[in-house]
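Good morning, and thank you for coming. Please look at the structure as I speak; I shall begin with one position in a loop and then turn to a strand and the core.

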Amino acid sequence: MRIECTTRLECSPERAWQELLTPDLLRYVAAPLIRFEPVDPPSLPSTWSPGRYRVSVWLFGVLPLGRQWVGLELPDGEVPSGWPRRVRDNGSGQLAKRWDHWIEIDALPDGHTRYVDRVDVDAGLLTPVVWAFAALFYRHRQRRWRALARKLGAEEAGAA
């Protein structure tokens, strides 16, 4: 089942792209609903690079939801140019057999950013439940992203 959420971020697409490539952003936008703890490798890099990362997933930081593979891909190349730009998490885990998450960042005419989360979920018989939770989670993520982007956009305006 597919979830697709689109939002406007009040920062430049370049700044949104830079933030997207950091595990710190994942921690921020997922909190406090979900917490990810690295398993393999034992710590996450400061900047994502293509590869597979095993994480433990915790609901509200206390209820274990199992382990998940984050399968990071940069389909437009490691140093993409132009817009839109995409990142793919072709993941899977104990709960979801397939978690195919595409993120797209695009430039808007006013210099701000269009941000899209597109996720295909397959959890067998649990797919409707996992899909419902994922729909809630991605709306939460975008709400947190918008709050962060307002701060980033204010920083950019102050630097100009």
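Gly 111 lies in the loop that links β6 (98-107) to β7 (113-122); strands here are DSSP runs of E with at least two residues, helices are runs of H or I with at least four, and both are numbered from the N terminus. The model is a predicted one, in which local features need pLDDT of at least 70 and side-chain atom pairs count only at pLDDT 80 or more, while totals for chains, interfaces and linings use all residues. Residues are numbered from 1 along each chain as its sequence is written, and side-chain values use heavy atoms, with hydrogens and water left out.

Is Gly 111 buried or exposed? Its relative accessibility is 37%, so Gly 111 counts as partly exposed; that class falls between buried, under 20% relative accessible area, and exposed, over 50%, with a 1.4 Å probe and protein chains only. Beyond its neighbours within four places in sequence, Gly 111 is in contact (heavy atoms within 4.5 Å) with Cys 11, Ser 12 and Pro 13.

Let us turn to strand β1. In residues 2-9, Ile 3, Cys 5, Thr 7 and Leu 9 point to one face and are buried, whereas Arg 2, Glu 4, Thr 6 and Arg 8 point to the other and are not. In a regular strand, side chains alternate between the two faces of the sheet. β1 runs antiparallel to β7, and eight bridges join them; strands pair if DSSP finds at least two bridges between them. Cys 5 has Asp 117 in β7 as its bridge partner.

Finally, Trp 145 touches several residues, including Leu 9, Leu 20 and Tyr 115.
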